[in-house]
Amino acid sequence: MAPVAKLRLDQVSMTFKTPAGTFRALAPVTLSITQGRFVSLIGPSGCGKSTIFNIAAGLLQPSGGRVFIDGAEATGTIGRVGYMLQKDLLLPWRKVLDNVVLGMEIQGLPLRRARERALPLLRRYGLAGFEYLYPNALSGGMRQRAALLRTLLFDTDVILLDEPFGALDAQTKLQMQEWLLALWADFNKTVVFVTHDVEEAIYLSDEVHVMASRPGRVIETIAVPIPRPRQRHVTLLPEFITIKERCLELLALDHNAAADEAA
Amino acid sequence: MTMQETSGIGAPLDLAPAQPAAAQPTATALPAKPARRLPVQKDWPLWVIVTVQIAILVSFIALWQVAADYGWIDGFFWSKPSAIYATLIKFFTEGDAWVDIGFTFRSTISGFLLGTTIGSLLGLSFWWSRNYAAIVQPYLICFESLPKLALAPLVILVFGMGLASKVAIATALTLVVSTLTTYAGVKALDPDGEKLFYSLGASRWQVFRKLVVPFCLPWVISVLRVNIGLALTGAIVGEFIASQHGLGRAILYAGETYDIALVWVAVLVLSTLAIVMYGAVSWLERILRKGIRQ
Ligand SMILES: Nc1ncnc2c1ncn2[C@@H]1O[C@H](COP(=O)(O)OP(=O)(O)OP(=O)(O)O)[C@@H](O)[C@H]1O
Ligand SMILES: [Mg+2]
């Protein structure tokens with residue numbers, strides 16, 4: 001078979017204890033992500049996307065199943081993957097540069113060295129002139145760039161991005177997508193990307209995993225065989241539209257199932 | 001675009017037309033309103049404000065003097081500005097003004113520093129263990145609701161008549177406030193912030209130093225001004241109960257000997273001391289706030 005997966009979730013399940021009883025957030029989910037790929041997870045709100053990320057990042061102990069990185073078990077170990085949470089979480093008391101070096105600093109790199117490494121990248125990737133500002137002076141797009149660079153500069157092969165562009169306006173979102181693809185090409189990382197935007201998921205990814213809720217599970221994995229680099233107008237190609245229709249169909253299907261269940 | 005396609009199936013359909021229909025009639029039915037202007041308040045220049053303030057003060061003092069001189073009020077109980085001024089000069093030239101000021105100042109500042117520091121550290125320490133925080137919490141609340149000043153006589157018995165007992169009372173008053181406020185900061189910490197740090201492989205100590213402490217600093221700073229007032233109150237009460245020195249003792253002594261002018265003098269000096277310390281702490285607070293740029 002294929003070489004060892006970069007990141008592998010093996011039958012990972014999660015049950016939360018709530019005052020109302022136990023809540024099955026994730027039915028056993030198995031995911032295998034190959035080195036260097038760009039993979040998206042889409043699904044309705046509450047289907048457990050962030051839960052999957054928390055488990056993969058070692059921040060949450062799964063109720064069942066295991067996590068493998070490079071074939072070695074990594075269930076419950078932190079600091080193995082870069083994780084950008086749903087909020088940018090920039091520290092308001094640190095300048096942009098010092099926010100970006102946080103990962104390296106925590107790993108024990110002297111602050112001066114970390115800054116030296118980060119500065120050229122900050123400038124190259126669109127944060128020139130913002131290095132010494134505090135985050136509250138930045139626009140939403142710039143904040144996301146800073147948060148993403150912080151994740152990238154934390155030297156891990158895999159990065160998990162939880163709805164990084166969810167709160168941005170359409171125009172900025174398109175720019176950020178191009179920016180992210182450029183970064184991905186330069187850094188040679190394995191990216192797992194969560195979004196609510198089907199078009200965004202397909203445009204960016206090699207592979208889209210569609211999820212359903214109650215309990216959270218992956219219902220279908222769809223490959224995106226559109227060659228890179230992709231131009232913006234690939235969204236108009238028939239194969240793109242076919243994939244999009246399939247995704248929407250799957251999401252709508254789940255919508256109906258949930259409604260039936262509630263009735 | 002994509003979201004519209006998916007949401008066409010569900011309930012939103014019947015909601016959509018209802019909203020504009022409801023909004024239309026109210027908009028047209030309203031009667032024409034008279035044009036109303038934004039009320040504008042004109043600011044007087046600063047010198048006018050200051051002049052009026054000084055005028056009020058001067059006339060108050062003058063009125064007091066005249067009233068006492070003409071016997072409208074009892075000059076023995078109320079004293080009068082001229083006598084107060086004479087006593088003030090005497091207090092500083094012949095009396096032990098500086099000894100008293102120094103004593104009150106030292107006990108206040110020591111209590112303030114001790115209480116604020118220990119309190120803040122205690123508040124921060126609750127971050128380390130939820131269990132420990134849960135165990136200590138009720139004691140803390142008890143200690144807060146305790147009328148600490150009522151225990152002052154006991155403190156004097158334990159710590160003696162000297163400086164130590166005043167420092168102890170001032171510390172007790174400030175410590176609880178600092179602890180509870182800092183703990184409020186700890187509780188306001190976003191768990192996702194901690195998640196971010198742990199996802200970067202941080203140790204607990206790193207999270208504490210690089211996230212918890214800087215995050216809680218605004219809370220620590222916000223109590224400084226309250227605490228300096230509390231520390232002064234604690235020191236004065238300590239001096240009231242038993243002391244050889246201090247402005248509190250000077251007030252008590254003057255009152256007991258019916259030296260009303262001296263009571264006013266001591267109160268005046270005490271207020272000045274309070275204002276100076278409050279000003280210094282406000283300045284410190286500004287500097288610190290600028291330092292952390294919250
Ligand atoms: N600590 C917890 N305790 C109880 N329930 C939880 C907990 N964390 C998450 N859940 C539940 O698990 C489900 C999945 O949550 P999760 O945050 O992973 O969803 P999501 O797919 O990321 O949603 P969104 O798109 O809105 O971010 C939700 O229904 C949520 O209420
Ligand atoms: Mg989520």
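Helices here are DSSP runs of at least four residues, numbered from the N terminus. The model is predicted.

**Two buried residues in chain B**

Glu285(B) sits in helix H14 of chain B, which spans residues 260-292. Its relative accessibility is 6%, so Glu285(B) counts as buried, the cut-off being under 20%. Leaving aside residues up to four places away in sequence, Glu285(B) touches Ile221(B) and Arg225(B).

Phe91(B) belongs to helix H5 of chain B, residues 81-93. Phe91(B) is buried too, with a relative accessible area of 8%. What does Phe91(B) touch, not counting residues up to four places away in sequence? The contacts are Asp96(B), Ala97(B), Asp100(B), Leu247(B), Leu262(B), Val265(B) and Val269(B). One of these partners, Leu262(B), lies 171 residues from Phe91(B) along the chain. The C-alpha atoms of the two are separated by 8.0 Å.

**The magnesium ion**

Ligand 2 is a magnesium ion. Its protein donors are OG of Ser50(A) and OE1 of Gln86(A), lying 1.9 to 2.6 Å from the ion. Ser50(A) lies in helix H1 (residues 49-56) of chain A, and Gln86(A) in the loop between strand S6 (82-84) and helix H2 (96-100), so the pair ties together parts that are 36 residues apart in sequence. Ser50(A) is partly exposed, at 23% relative accessible area. Gln86(A) is also partly exposed, with a relative accessibility of 44%.

**The shell around ligand 1**

Around ligand 1 there are 14 residues. The closest are Ser45(A), Gly46(A), Lys49(A), Ser50(A) and Thr51(A). Ser50(A) thus appears both here and among the magnesium donors. By class, the shell holds 4 nonpolar, 8 polar and 2 charged residues.

Which element gives the largest share of this shell? H1(A) does, with 3 residues. Strand S1 (7-18), strand S2 (21-33) and H1 of chain A each supply at least two.

Polar atoms of the protein approach oxygen atoms of ligand 1 as follows.

| Residue | Protein atom | Distance to an oxygen atom of ligand 1 |
|---|---|---|
| Gly48(A) | polar backbone atom | 3.0 Å |
| Lys49(A) | polar side-chain atom | 2.8 Å |
| Gln86(A) | N or O atom in the side chain | 2.9 Å |

The protein covers 64% of the accessible area that ligand 1 has on its own, which is 630 Å². Gln86(A) has a place at both ligands: its side chain contacts an oxygen atom of ligand 1, and its OE1 is a donor to the magnesium ion.

Conventions:
Residues numbered from 1 in each chain as written. Chains lettered and ligands numbered in written order. Predicted model: local features only at pLDDT ≥ 70, side-chain atom pairs only at ≥ 80, totals over all residues. Heavy atoms only, no water. Donors = N, O, S within 2.8 Å, 3.2 Å for Na, K, Ca; no water. Buried < 20%, exposed > 50% of the residue type's maximum accessible area, 1.4 Å probe, protein only. Contact = heavy atoms within 4.5 Å. Near = heavy atom within 4 Å. Polar contact = N/O pair within 3.5 Å; in protein donor to acceptor, adjacent residues only side chain to side chain. Areas by Shrake-Rupley, 256 points an atom, 1.4 Å probe, with all protein chains shown as cover. Nonpolar A, V, L, I, M, F, W, Y, C, P; charged D, E, K, R; others polar.
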